[in-house]
Amino acid sequence: DSKRLVTGGSDGTAKVWEIGPQFQEQWSLSAQETSSGLVGVAFSPDGTRVMAGDAGITAVKVWDLGPTGNAEWANLPAAGRPAAEFMPDGRGVVTTSSQGADFETGRALTIWDLQTGRDLRTIGPATDFLRFLAFDVSPDGESIALGGKSVKDFGGASAVRAWDASTGEEIYRIGHRLDVNEVAYSPDGEYLATASYDGTAKIVDRSGRLIQVLGETSGPSFGEFNFSDVAFSFDGRRVATAQELYGQRF
């Protein structure tokens, strides 16, 4: 509702501020045992909890902002970046996890119940090579998409994959010539957008059927603009991409 702002600092403290005529600090949430500081913060969809990830990319903490406030709700392991995302209902968190000795191909996603602290389901690791660089949860919480690379040196035919969050079954795969740096669901969950280092963004529907390819797909300018991010507008009618031109981000 834009009434609060959360910040995370290198001192290992997350602060929640009330937005008004003047900013007023409401809570100071300590995670100072994460000596590397905080690298990311987020509100739960209903605004009742705050999540923070440490810069060492090893843990995610969740605090309750209810009537008692300042109460640590969960301390969850996270193995690498991307670290974590709230489930749409705010009652669960998805974190990266490591399954086995091979960090590159042994990474998976774990869905945690914040009420009990139990892991509800682990998705992955893939049976073939997959190093994922991004993931997103659909707005209805029914599916999770991952983007990365399925061949050691570049994207590959299955660089993007979507799973059913309740069963862990794979739904579809999407190919890109180079690594996929970001995936994003539309607000209604009907479409998924991908952003690839090859300078293209693909839009697919719930079944994985290709709807549109944005960017240069061939020719002398192919690969000149390397897409590093993608997002839908709030009404779902537009897609924005962030580009890298010779190592500079725009």
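Where is Ser-2 found, relative to S1? Ser-2 is found in the segment before S1, where strands, like helices, are DSSP runs numbered from the N terminus, with at least two residues of type E for a strand and at least four of type H or I for a helix. Before I go on, please keep in mind that this is a predicted model, in which local features need pLDDT of at least 70 and side-chain atom pairs count only at pLDDT 80 or more, while totals for chains, interfaces and linings use all residues. Residues are numbered from 1 along each chain as its sequence is written, and side-chain values use heavy atoms, with hydrogens and water left out.

To stay with Ser-2 for a moment, its phi is near 65°, which is a positive value in a residue other than glycine. Ser-2 counts as exposed because its relative accessibility is 64%; the cut-offs, with a 1.4 Å probe and protein chains only, are under 20% relative accessible area for buried, over 50% for exposed, and partly exposed in between.

Let me turn to the sheet that follows. Strands S1, S2 and S3 form, in that order, an open sheet of 3 strands with antiparallel pairing, and two strands are said to pair if DSSP finds at least two bridges between them. The edge strands are S1, residues 4-8, and S3, since each of these pairs on one side only. On average, neighbouring strands of this sheet are turned by 20° against each other, direction ignored; the axes behind that value are lines fitted to C-alpha atoms, for helices over the stretch in contact, and angles between N-to-C directions run from 0 to 180 degrees.

Looking at the individual pairings, S1 and S2 run antiparallel and are joined by 5 bridges, and Val-6 has Val-16 in S2 as its bridge partner. Between S2, residues 13-18, and S3, residues 24-30, there are 6 bridges, and these strands also run antiparallel. Here Lys-15 stands opposite Ser-28 in S3, and the connection from S2 to S3 is a hairpin through 5 residues. As a general reminder for reading such a sheet, side chains in a regular strand alternate between the two faces.

Which residues make the nonpolar surface patch of about 270 Å²? The patch is made by Leu-5, Ile-19 and Phe-23. Patches are built from residues with over 30% relative accessible area and no salt bridge, joining like charges within 9 Å and nonpolar side chains (Val, Leu, Ile, Met, Phe, Trp, Tyr) within 5 Å, and the accessible areas come from the Shrake-Rupley method with a 1.4 Å probe, where for residues only the protein chains shown count as cover. Ile-19 lies in the loop between S2 and S3, and Ile-19 is classed as partly exposed because its relative accessible area is 37%.

Further along the chain, I would point you to the loop between S11 (119-123) and S12 (131-137), which is the place of Pro-125. The peptide bond from Gly-124 to Pro-125 is cis, with omega near 0°.

Another loop, between S14 (156-164) and S15 (170-176), holds Thr-167, which counts as partly exposed because its relative accessibility is 41%. A polar atom of the Thr-167 side chain lies 3.2 Å from the backbone nitrogen of Glu-169. The C-alpha atoms of Thr-167 and Ile-123 are separated by 8.9 Å, although these residues are 44 apart along the chain.

Finally, the salt bridges. A search of the whole structure finds 8 of them, each defined as a side-chain nitrogen of Lys or Arg within 4 Å of a carboxyl oxygen of Asp or Glu. One of these joins the side chains of Arg-173 and Asp-128 at 3.4 Å, N to O, and this pair links distant parts of the chain, with Arg-173 in S15 and Asp-128 in the loop between S11 and S12, 45 residues apart. Arg-173 also meets Glu-170 in a salt bridge, at 2.5 Å, N to O.

Another salt bridge brings together the side chains of Glu-190 and Arg-206, at 3.1 Å, N to O. Glu-190 lies in the loop between S16 (180-185) and S17 (191-196), and Arg-206 in the loop between S18 (200-205) and S19 (210-215), so this pair ties together parts that are 16 residues apart in sequence. To close on the network, Asp-128, Arg-161, Glu-170 and Arg-173 are joined into one by salt bridges that share partners.

How values were computed:
A polar contact is a pair of N or O atoms within 3.5 Å; within protein, one must be able to donate a hydrogen and the other to accept it, and residues adjacent in sequence count only if both atoms are side-chain atoms.
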